[in-house]
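Me: I'd like a close look at one spot in this model, and then a walk outwards from there. Here is what I'm looking at.

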Amino acid sequence: MLIVMKPQATPDEVEAVNERIRSMGLTPHSIPGAQRVAIGITGNKGALEPDVFVSMAGVADAIRVSQPFKLVSREVKEEDSIIDVGGIPVGGPEVMVMAGPCSVESKEQILEAAQGVRASGARLLRGGAFKPRTSPYEFQGLKEEGLKLLAMARDATGLKVVTEVKDTETLPMVAEYSDVLQVGARNMQNYSLLEALGNLRKPVLLKRGLSATIKELLMAAEYILSRGNYQVMLCERGIRTYETMTRNTLDINAVPVLKALTHLPVLVDPSHGIGLRKHVAAVARAGVAAGADGLIIEVHPCPEKALSDGHQSLSLPEFEALMRQVRGIGTAIGRPVA
Ligand code: PEP
Ligand code: MN
């Protein structure tokens with residue numbers, strides 16, 4: 001249920017509604033809007049009776065939320081959520097680009113990548129330090145050393161750092177060094193990890209699972225919001241289909257569908273989405289054209305030598321060309337690329 005307060009409702013009236021919700025053993029979630037406050041309720045097993053709230057002072061309406069996901073839904077919050085990543089707004093009027101190598105490999109590699117992607121317009125630096133690889137014999141990341149190198153690259157360039165957190169054990173360490181905690185596709189339904197992220201107050205980039213539906217992605221995000229962390233960005237990174245010519249099938253449909261269902265920012269990862277360097281730019285253009293709030297792109301100073309995902313990583317000149325192209329798309333649809 002969603003309680004919509006009148007625009008002139010006083011803080012005391014809002015608190016009285018919160019208190020009524022708590023007295024029922026449920027959790028209120030205040031959702032401030034431009035015009036008025038709304039209060040989402042979680043914890044109820046069945047439908048709630050609207051009359052209990054409609055009669056209270058300051059309440060405009062009590063609406064049943066028809067979707068199984070609540071706090072992430074546009075029914076509960078109409079306006080777009082803008083996630084503030086250390087002063088960089090994701091989900092606002094501008095399209096934000098995150099770029100960098102799949103894995104952090106060395107000081108020279110991450111610095112060169114960071115300086116290069118910044119020069120072309122990226123505002124955030126991606127790079128994995130804890131890598132969930134399909135084979136246990138593949139490079140697993142530099143771990144804490146990699147996190148330190150990312151922090152060093154942030155200091156050197158001003159780019160904010162996005163890096164994957166693989167499990168609850170390493171979460172405190174990854175949170176200490178990073179600005180955005182990335183949940184990988186393989187972990188989208190790791191509920192202990194989602195709950196732990198919900199207890200933090202730090203931006204999260206939640207990637208869609210390899211075989212997850214749009215609804216399952218939204219429910220996974222709901223786990224994080226329901227614990228009070230509202231700073232969540234969603235990412236379409238391709239799903240598994242019968243197609244074998246490409247690594248995954250980027251579900252472009254997910255972009256407008258998610259944008260209609262949720263107020264959270266929606267990003268597109270064309271690198272994992274198609275998995276082929278020469279086609280990454282085309283899919284990035286499609287993502288922006290479809291309404292994505294941002295892109296996350298794998299870029300390596302020397303893709304042939306990359307320790308992971310080199311086949312889908314762009315060189316710095318290729319990334320620069322991609323940025324030029326997506327700026328053109330952004331201009332055409334009235335959505336500037338930052
Ligand atoms: C990555 O971003 O390098 C990554 C492992 O992505 P995904 O979780 O989408 O496979
Ligand atoms: Mn990768």
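Does Pro317 count as buried or exposed? Once that's settled, please take me through the surroundings and on to the rest of the chain.

Reply: Pro317 counts as exposed, with a relative accessibility of 58%. That puts it over the 50% mark used for calling a residue exposed. Keep in mind that this is a predicted model, so every number here is computed from predicted coordinates.

As for where it sits, Pro317 belongs to helix α11, and that helix covers residues 316–332. A long-range distance helps to place it: Leu125 is 192 residues away from Pro317 in sequence, while their C-alpha atoms are 17 Å apart in space.

Stepping back along the chain from α11, you get to the loop that links β14 (294–298) to that helix, and Asp309 is in it. Asp309 has a phi near 55°, which is positive even though the residue isn't a glycine. Most residues other than glycine have a negative phi. On the accessibility side, Asp309 is buried, because its relative accessible area is 11% and the cut-off for buried is under 20%.

There's another positive phi to look at in Lys143, again a residue that is not a glycine, with a value of about 55°. Lys143 lies in the loop between β8 (124–126) and α4 (144–157). Its relative accessible area is 36%, so Lys143 is partly exposed.

Next to consider is Met173, which is in helix α5, residues 171–177. Met173 is partly exposed too, at 26% relative accessible area. Setting aside neighbours within four places in sequence, Met173 touches Phe130, Glu144 and Leu147. Leu258 is another matter: it is 85 residues from Met173 along the chain, and 31 Å separate the two C-alpha atoms.

Then there's Ile82, in the loop between β4 (59–63) and β5 (83–85). Beyond four places in sequence, the contacts of Ile82 are Pro89, Val90, Gly91 and Gly92. Asp293 is 211 residues from Ile82 along the chain, yet their C-alpha atoms are separated by 9.9 Å.

That brings us to the overall layout. The chain is split into domain 1 (2–63) and domain 2 (83–332), and the centres of these two domains, taken over C-alpha atoms, are 35 Å apart. In secondary structure, the chain has 11 helices and 14 strands. Its radius of gyration is 21 Å, close to the 20 Å that the globule rule gives for 338 residues, so the chain is as compact as a globular protein of that length. Along its principal axes, the C-alpha trace spans about 65 × 45 × 40 Å.

A few whole-chain figures round this off. Buried residues make up 56% of the 338 residues. Of the contacts with a separation of 6 or more, 69% join residues 24 or more positions apart. The chain exposes about 14,000 Å², and carbon and sulfur atoms supply 53% of that area. As for charge, there are 38 positive and 38 negative charges, and their mean positions are 3 Å apart.

Definitions and conventions
Residues are numbered from 1 along each chain as its sequence is written. Chains are lettered from A and ligands numbered from 1 in the order in which they are written. This is a predicted model: local features need pLDDT of at least 70, side-chain atom pairs count only at pLDDT 80 or more; totals for chains, interfaces and linings use all residues. Side-chain values use heavy atoms; hydrogens and water are left out. Domain bounds come from an automatic or database domain assignment. Helices (H or I, at least four residues) and strands (E, at least two) are DSSP runs, numbered from the N terminus. The radius of gyration is taken over C-alpha atoms; the globule rule is 2.2 Å times the number of residues to the power 0.38. Buried means under 20% relative accessible area, exposed over 50%, partly exposed in between (1.4 Å probe, protein chains only). Contact means heavy atoms within 4.5 Å. Accessible areas come from the Shrake-Rupley method with a 1.4 Å probe; for residues, only the protein chains shown count as cover. Lys and Arg count as positive and Asp and Glu as negative; His and the chain ends are not counted. The place of a charge is taken as NZ of Lys, CZ of Arg, CG of Asp or CD of Glu.
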